[in-house]
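The report below works from a single residue outwards, taking in its surroundings and then the arrangement of the chain as a whole. Please keep the sequence and the structure in view while reading.

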Amino acid sequence: MSGTNDKDSIQTDIGQDVIDEAVRSVERRMDGDADSAGSETEVELDVSAPAAETDASTPEVAPPTEDAAALRQEVESLRAQLEFSQTKARETLERLKEAHERAKDFQDRAIRSAADLENYRKRAQKEKEDVQKFGVEKLLKDLLPVVDNMDRALDAASKSPDFDSFQKGVAMTRKSFEDSLARHGVKGFSAKGQPFDPRLHEAIQQVESADVPSGHVLFEVTRGFYLNDRLVRPAMVVVARAPEVAAAPEPAAPAAGSEAPKASEESSAEPQTSAPSDSSSGGSQ
């Protein structure tokens, strides 16, 4: 197609006078019996001369094959870039879609977690209120039999004047009461005769006593109690102290009126003691 277009463009560019001149030259050569080869060469020269002129008048055109190859190469490069861009765009869209799905999932999970947390807070608050109201229910169930035993003991005491039986019943009731407390981790301890410990004992009085060493518990007013190894009430105790040593009685001072007779007695006694000494000294002489 490109060769045909060039031929048509060359034919249209050759003038009519050039064609007439070429025809006349051919006729002259034929008439002169010129060599056909030479005539062809001249024809070619005559025709080529205007062609050169026309080529000079028209701009030179680059070979179409090279432009087509370059364009084809550029198109292929652009197509490859387009395909690469489309591939990257699809990958980016897929990643964006996945990220959106994950974000939506995280949002749903966060909403559910917040709702669960709120429900848990409400349940914990209700359980706390229930514990405050009914936390002693189990202890109460264990203490109610103790109350029943106390009622039976009082009823028996009103019907029978036997004090020993009443005392035994009260002791048994007290034992059942302590057992009920022990099942709930409440244990009492005795402080009598133990060294005074401010972490476990609360002193209300200090009494002189020689029965126990000084600084020891003489007797306890109320017992102390533990709740699962935690002190819930210290023991109220009376602490002994060493008795003070009694001082020796001082001799009474003589009265003012009695001093003179004592002095006269001493003066009267002195001659009696000195007389034998004089006689003894005289006898010796």
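Ala157 is partly exposed in this predicted model, with a relative accessible area of 32%, and the residue is found in helix 5. Its C-alpha atom is separated by 9.5 Å from that of Gln167, a residue 10 places further along the chain.

**The pocket between two helices**

Ala157 is also one of the residues that line the second largest pocket, for which a volume of about 170 Å³ is computed. Which helices each supply at least two residues of this lining? They are helix 5, which spans residues 137-159, and helix 6, which spans residues 163-183. The lining includes Asn149, Arg152, Ala153 and Ala156, and further along the sequence Ser160, Asp162, Ser165, Phe166, Gly169, Met172 and Thr173 also take part. By residue class, the lining divides into 5 nonpolar, 5 polar and 2 charged residues.

Thr173, another of the lining residues, is found in helix 6. With a relative accessible area of 5%, Thr173 is buried, because that value lies under the 20% cut-off for buried residues. When residues up to four places away in sequence are not counted, Thr173 touches Val146, Asn149 and Met150. Of these contacts, Asn149 is itself part of the lining of the second largest pocket.

**The strands and their aromatic pair**

Strand 1 and strand 4 run antiparallel and are joined by 4 bridges, and among the partners in this pairing Val186 is matched with Leu227 of strand 4. Strand 4 pairs in addition with strand 5, again in the antiparallel sense, over 3 bridges. Leu227 takes part here too, since its bridge partner in strand 5 is Arg230.

How many aromatic pairs does a search of the whole structure find? The search finds 1, formed by Phe189 and Tyr226, whose ring centres lie 5.1 Å apart and whose planes make an angle of 40°, an arrangement classed as tilted. Because Phe189 lies in strand 1 (residues 186-189) and Tyr226 in strand 4, the pair ties together parts that are 37 residues apart in sequence. The two partners do not fall into one accessibility class: Phe189 counts as buried at 14% relative accessibility, whereas Tyr226 is partly exposed at 26%.

Phe189 is also among the residues touched by His201, which lies in strand 2 (residues 201-208). His201 is buried, with a relative accessible area of 8%. Its other contacts, with residues up to four places away in sequence left out, are Ala191, Gln194, Pro195, Phe196, Val217, Pro234, Ala235 and Val237.

**The turn between strand 4 and strand 5**

The hairpin of strand 4 and strand 5 has 2 residues between the strands. Asn228 is found in the loop that links strand 4 (224-227) to strand 5 (230-233), and Asp229 is found in that loop as well. What sign does phi take in Asn228, a residue other than glycine? The value is positive, near 55°, and Asp229, although not a glycine, likewise has a positive phi, of about 65°. Both residues count as exposed, because their relative accessibilities, 56% for Asn228 and 76% for Asp229, are over the 50% cut-off.

The table collects the relative accessibilities of residues discussed above.

| Residue | Relative accessible area | Class |
|---|---|---|
| Thr173 | 5% | buried |
| His201 | 8% | buried |
| Phe189 | 14% | buried |
| Tyr226 | 26% | partly exposed |
| Ala157 | 32% | partly exposed |
| Asn228 | 56% | exposed |
| Asp229 | 76% | exposed |

**The chain as a whole**

The secondary structure of the chain comes to 7 helices and 6 strands. Read from the N terminus on, the elements run α-α-α-α-α-α-β-β-β-β-β-β-α. Buried residues make up 10% of the 285 residues in the chain, and Thr173, His201 and Phe189 are among those that count as buried. Among contacts between residues at least 6 apart in sequence, 63% join residues that are at least 24 apart.

How values were computed. Residues are numbered from 1 along each chain as its sequence is written. This is a predicted model: local features need pLDDT of at least 70, side-chain atom pairs count only at pLDDT 80 or more; totals for chains, interfaces and linings use all residues. Side-chain values use heavy atoms; hydrogens and water are left out. On a 1 Å grid over the protein atoms alone, a cavity is a set of points where a 1.4 Å probe fits but cannot get out, and a pocket is an open set with protein on both sides within 12 Å along at least five of seven lines; lining residues have an atom within 4 Å of a point. Grid points are joined across faces, edges and corners, and a volume is the space filled by probe spheres set on the points. Ala, Val, Leu, Ile, Met, Phe, Trp, Tyr, Cys and Pro count as nonpolar, Asp, Glu, Lys and Arg as charged, and the others, Gly among them, as polar. Buried means under 20% relative accessible area, exposed over 50%, partly exposed in between (1.4 Å probe, protein chains only). Rings of Phe, Tyr and Trp (its six-membered ring) pair if their centres lie within 6.5 Å; planes under 30 degrees apart count as stacked, over 60 as edge-to-face and the rest as tilted. Two strands pair if DSSP finds at least two bridges between them. Contact means heavy atoms within 4.5 Å.
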